[in-house]
Amino acid sequence: MRIPEQLRDIADELISLVLAAPCSGCGAVGTVLCASCRSALEPAPVEVTTPGGLGVRAALSYEGVAARCIRRLKGDGETMLVRPLGDALRAVAEPHLRGALAVPVPTSRRSFRRRGYRVPELLLRRAGATPLRALRAIGPHVDQRGLGVAERAANVRHRMRARGAGDGRAVVVVDDVVTTGATLDEAARALRAAGYDVRCGIALAATPRHSIP
């Protein structure tokens, strides 16, 4: 069967794009993610506890290849990275989502307008879970980057509200990166206030304790 000329042209353009693309993890030319960097995204679970006492399990440490790939997804629109990153999240999400719903931390309107997608929701869908939008962000807040531990907590305090009553339903709070844990604590507070049973938090990555990006 002959391939239509138009489809051949599109295929040629896609191949040229891939061959010209640098690896998101190391910058090597000719692949969007080289084999070495792909292996660096294999789950290596990290356990952290937020200041509010919420246990959080993250799939990766936010450093090196993982940090660069997450920044590319969040800042540069490289949504092809959802596949390997979502697969990493799946490893820590599945055990905790048996009998519980996945509630992503809400994305601000400004971030959604800039990206056109909600990162935690994309990752959850790739991980095989259906996100429950049980939270919404309220009021303005300063970008968390550059803020210290106390400043981050104050910045998000009472900035989330649950949508409707929880009626005792079990939920797991999900974020892409956990730094100090302030955002997850605020999400858990809002959900519990509405009657949800918050079991724990899960995240794609956790920053080393000494590093606040």
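Let's start with one pair of residues: in β2, the bridge partner of E47 is R57. E47 belongs to strand β1, residues 46-49, and 4 bridges join β1 to β2 in an antiparallel arrangement. When I say that two strands pair, I mean that DSSP finds at least two bridges between them. Helices and strands here are DSSP runs, numbered from the N terminus, with at least four residues (H or I) for a helix and at least two (E) for a strand.

A quick word on the source: this is a predicted model, where local features need pLDDT of at least 70, side-chain atom pairs count only at pLDDT 80 or more, and totals for chains, interfaces and linings use all residues. Residues are numbered from 1 along each chain as its sequence is written, and side-chain values use heavy atoms, leaving out hydrogens and water.

Back to our hairpin. Between β1 and β2 there are 5 residues, and in this hairpin G53 takes a positive phi near 90°. On top of that, β2 pairs with β7 in the parallel sense, over 5 bridges. One example is S61, whose bridge partner in β7 is A206.

Now let's zoom out. The chain has 8 helices and 7 strands. Of its 213 residues, 43% are buried; buried means under 20% relative accessible area, exposed means over 50%, and partly exposed is in between, using a 1.4 Å probe and protein chains only.

So what sits inside? The largest nonpolar core has 38 residues, and L41, L60, L85 and L204 touch the most other members. A nonpolar core is a set of buried Ala, Val, Leu, Ile, Met, Phe, Trp, Tyr and Cys residues joined through side-chain atoms within 4.5 Å. Among the elements that each supply at least two residues of this core are β2 (55-61), α3 (64-75) and β7 (197-206). A second, separate core has 22 residues, including V56, V103, M160 and L184. As a general point, nonpolar side chains in soluble globular proteins tend to be buried together.

Let me spend a moment on α3. How far apart are its end C-alpha atoms? They are 16 Å apart, which agrees with the 16 Å that its 12 residues should span at 1.5 Å a residue; the expected span is 1.5 Å times one less than the number of residues. The buried residues of α3 are V65, A66, A67, C69, I70 and L73. They pack against α2 (35-40), β2, α4, α6, β6 and β7. Just after α3, G77 takes a positive phi of about 70°.

What about the cysteines? A search of the whole structure finds 0 disulfides, a disulfide being a pair of cysteine sulfur atoms within 2.5 Å. The sulfur of C34 is 3.5 Å from the closest cysteine sulfur, in C37, so that is too far for a bond. C69 is in no disulfide either, as its nearest cysteine sulfur, that of C37, is 6.3 Å away.

One last stop, in a loop. D167 lies between β5 (160-162) and β6, and it has a positive phi of about 55° although it is not a glycine. Most residues other than glycine have a negative phi. Is D167 buried or exposed? At 68% relative accessibility, D167 counts as exposed.

Conventions. Contact = heavy atoms within 4.5 Å.
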